[in-house]
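Me: Please take a close look at one helix of this model and at what surrounds it. A connected account would suit me better than a list.

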Amino acid sequence: MSQDTTAPGAPEGFVDDPRPAPTETVAVVQPSLLARLGAEVFGTFFLVLAIVGVALYTFVSQQNALAVGLAGGIAVIAGAAAVGNVSGGHFNPAVTLGAAIGGRTAWRDVLPYWVAQLVGAILAGLVLLATVPSTLPQLLGQEGRGGVFVATANGYGSFSSLATASQGGTEFGLVQALLVETIVTAVFVGVILGVTDKRASVQYAPVVIGLTLTALILVAAPITNASLNPARSMASAVFAGDGDLWKQQWVFWVAPLLGAAIAGLFYRAFAFAPKQDDLLGEDQVVTLTEAEAPAYSAAAGAAGAAGAGAVAAVVEEEVVVTDENGDVVAVEEVVEVVEVDEPEAPAAGEAPGTDEAPKA
């Protein structure tokens, strides 16, 4: 029996009862949560080490915002290339929030990722603190080594780069700081969501993301010393130990998270991203036979009690759309995703993740 309808993206016609079409069950296996958190710690550590490390001694090397921007961009490229396939390459609480709102990251991962990113940032700060010569603070008029970090911190008003360059003659205020941090983070997260979409024609997304970060750091550096990343801001503020600076740090959580939320909402509204597509993350896809699927699901349930990670059973079917003459005008894919927990390798036979099917 046929009925009049219009298929999305296809001419008007008839939809036959779904004809027999190849169906398959696919197990999409992510790395374990522990592996993903380790990747986020490493990536954020690398990013903060590069940005804050270059900014820390600019007064000695005479480097400028371009050097800091390039350091951040190169660190993102390298970190995303190294571990992006494991965790998605967030390295930034704002990116994680934007990805979750955009449907690209599971909400259950947001808080663990934030903790991992903050740990990586603080570890980078500790390493840099250990490099500060004991006699340097006195030369700069600071009471302790942590005071050297004030120049690397994100701030506005008297802490903005413009205020320092003009010796207090002029400065950027709270409104400008909120505005620029919200906008540049929204653009940054929007670019990340766009170039990592499976339908994008970008051959090497980390390079695009890194260069975007470089450009946006150069935009925001004179105003706020360019945060775009609450973890990066915390690393400087924690070791700077300046009370007035601490009072401003809420801006560098609220504005980047707000910008990320805006980007995530726009992406979700217009891109319709598929599930199981965590930015740069690369899931292992295993095609299962009818006989293997029930056993795989059972193994997944058993492993779930141990909290091993996440798996999705994806069932794909085809619906054939024909015109009045019976000619095929479109083939629509119907995809159902059911999430379970990541299975451990079955005790007997080959694991479902291998190329060989279990032997009878």
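Reply:

**Helix α8 and its surroundings**

The buried residues of α8 pack against three helices, α4 (93–101), α9 (205–224) and α12 (251–271). This is a predicted model, in which local features need pLDDT of at least 70 and side-chain atom pairs count only at pLDDT 80 or more, while totals for chains, interfaces and linings use all residues. Residues are numbered from 1 along each chain as its sequence is written, and side-chain values use heavy atoms, with hydrogens and water left out.

Helices (H or I, at least four residues) and strands (E, at least two) are DSSP runs, numbered from the N terminus. Helix α8 covers residues 174–195. Its 22 residues should span 32 Å at 1.5 Å a residue, and the end C-alpha atoms are 32 Å apart, so the two agree; the expected span is 1.5 Å times one less than the number of residues.

Buried means under 20% relative accessible area, exposed over 50%, and partly exposed in between (1.4 Å probe, protein chains only). The buried residues of α8 include A177, V180, E181, V184, F188 and I192. An α-helix has 3.6 residues a turn, so residues three or four places apart point the same way.

One residue of helix α9 is T224, which is buried with a relative accessible area of 0%. Contact means heavy atoms within 4.5 Å. Leaving aside neighbours within four places in sequence, T224 is in contact with A177, V180 and E181, and also with A153, N154, G155 and F252.

The chain as a whole has 13 helices and 6 strands, and 46% of its 360 residues count as buried.
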